[in-house]
Amino acid sequence: MHGSSVVAVVRGERGFEPVFKALDLIDYRKALDGFDTVLIKVNFITTKPWDTGATTDPVVVEAIIKKLKDLPVKVYVVESDATITKADKAFEATGMADVCRRNGVEWLNLRHVKDKVTLEIPDGEALKSITVPRLVTESAVISAAKLKTHLDTDVTLGMKNMFGLLSDKFKGKYHLKGISKVVVDINTVLRPTITVIDGFVGMEGKGPIDGTPVQMDLIIAGTDPVATDATAARIMGFNPHDIAHIRKAHEKGLGKNEAQSLGEKIENVKKQFKQK
């Protein structure tokens with residue numbers, strides 16, 4: 001990873017175009033070269049719709065699907081059950097099911113995928129290994145995350161969204177081990193190929209579920225997960241060096257926490273998000 005990573009910051013009204021533009025700026029085709037399966041990992045921690053700032057906007061996912069149409073890849077939209085939310089229920093309630101039906105894309109609840117593998121985590125912060133569906137390890141993962149605050153990790157963006165690839169329903173045990181450390185461990189062995197952060201409507205305050213929506217009209221995308229999250233954190237008014245999982249991921253060489261932004265300058269779109 002020589003030089004600085006690039007992160008696309010695109011401002012625009014909710015729709016396909018800002019997503020298309022962001023993906024083109026980061027050369028999404030090159031990033032997906034060599035993969036024949038792509039998993040779009042959404043954030044469905046709740047059944048609340050996108051405009052609450054809690055869940056991934058179906059428009060963002062549909063735009064990604066449309067961009068993948070002319071590539072030789074099979075696309076799935078994926079999530080796993082959370083402790084309090086059944087992913088299948090959220091899939092219908094958020095409008096994501098309609099997007100998949102309309103575009104002929106299959107939806108997968110990773111909790112019900114039987115073929116699993118265990119990945120050893122070298123030099124793990126909190127975990128020695130994780131068990132995930134084999135499909136996850138053989139596919140490119142696009143982390144279609146949300147721009148929001150989080151009571152435990154300060155922000156929940158692309159790297160934190162990867163936590164949902166763990167197929168256990170009761171994820172509270174991971175929180176007990178220190179969620180920021182767990183997020184670093186997961187991203188050590190499962191890094192998103194592309195991160196697309198949905199900032200059409202973000203969330204501040206008591207995120208990730210009960211915060212206040214913030215209209216930002218932004219899409220943030222990159223192929224370096226650390227740089228993408230660090231850029232998003234700066235846009236939210238936070239110093240990424242103060243956010244444990246971003247800082248640690250950078251220290252471990254999982255990506256850079258400095259980036260060149262393409263599109264909008266950070267200072268032109270930045271807004272201080274309130275924390276708890």
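Here are some notes on the backbone, helices and cores of this predicted model.

1. Let's start with the backbone oddities. Most peptide bonds are trans, and most residues other than glycine have a negative phi. The bond between Gly-207 and Pro-208 goes the other way: it is cis, with omega at about 15°. If you want to find Pro-208, look in the loop that runs between strand S9 (194-204) and strand S10 (212-222).

2. Two aspartates inside strands deserve a look too. Asp-154 is not a glycine, yet its phi is positive, at about 70°. Asp-154 sits in strand S8 (residues 154-156). Is Asp-154 buried, exposed or partly exposed? With a relative accessible area of 23%, Asp-154 counts as partly exposed, because the cut-off for buried is under 20%. The other one is Asp-217, also not a glycine, with a positive phi of about 50°; Asp-217 belongs to strand S10.

3. Now helix H1 (residues 16-25). Its buried residues are Pro-18, Val-19, Phe-20, Ala-22 and Leu-23. What covers them? The cover includes strand S1 (5-11), helix H2 (28-32), helix H3 (58-68), S9 and S10. After H1 comes Asp-27, which has a positive phi near 55°.

4. The H1 and H3 pair can be described in more detail. Their axes come within 9 Å and cross at roughly 50°. That angle is neither under 35 degrees nor in the 65 to 115 range, so H1 and H3 are oblique to each other. The crossing of H1 past H3 is right-handed. On the H1 side, the residues involved are Phe-16, Val-19, Phe-20, Leu-23 and Asp-24. They meet Val-59, Val-60, Glu-62, Ala-63, Ile-64, Lys-66 and Lys-67 of H3. Val-19, Phe-20 and Leu-23 are thus worth clicking on, since they are listed among the buried residues of H1 and also among those meeting H3.

5. Over to helix H11 (residues 244-251), where His-245, Ile-246 and Ala-249 are buried. Why do these three end up on the same side of H11? They cover an arc of only 100° around the axis, which puts them there. As a reminder, an α-helix has 3.6 residues a turn, so residues three or four places apart point the same way. The buried residues of H11 pack against S8, helix H7 (158-161), helix H9 (179-189) and helix H10 (225-235). Just after H11, Gly-253 has a positive phi of about 80°.

6. One residue in H10 is worth singling out: Thr-228. Thr-228 is buried, with a relative accessible area of 0%. Leaving out residues up to four places away in sequence, Thr-228 touches Val-7, Thr-195, Ile-197, Ile-220, Ala-221, Gly-222 and Thr-223.

7. Last, the nonpolar cores. The largest has 52 residues, and those with the most contacts inside it are Ile-130, Leu-147, Ile-186, Leu-190, Ile-235 and Ile-246. Which helix gives this core its largest share? H10 does, with six residues. Take Ile-130 as an example: setting aside neighbours within four places in sequence, Ile-130 is in contact with Val-117, Thr-118, Leu-119, Ile-121, Leu-166, Ile-186, Val-189 and Leu-190. There is also a second, separate core of 41 residues, and Val-38, Val-42, Phe-200 and Ala-221 are among them.

Key:
Residues numbered from 1 in each chain as written. Predicted model: local features only at pLDDT ≥ 70, side-chain atom pairs only at ≥ 80, totals over all residues. Heavy atoms only, no water. Helix = DSSP H or I, 4+ residues; strand = E, 2+ residues; numbered from the N terminus. Buried < 20%, exposed > 50% of the residue type's maximum accessible area, 1.4 Å probe, protein only. Arc of directions from axis to C-beta. Contact = heavy atoms within 4.5 Å. Core = buried A, V, L, I, M, F, W, Y, C linked by side-chain atoms within 4.5 Å. Axes fitted to C-alpha atoms, helices over the stretch in contact; angles between N-to-C directions. Parallel < 35°, antiparallel > 145°, perpendicular 65-115°, else oblique. Left-handed = near helix turned anticlockwise from the far one by under 90°.
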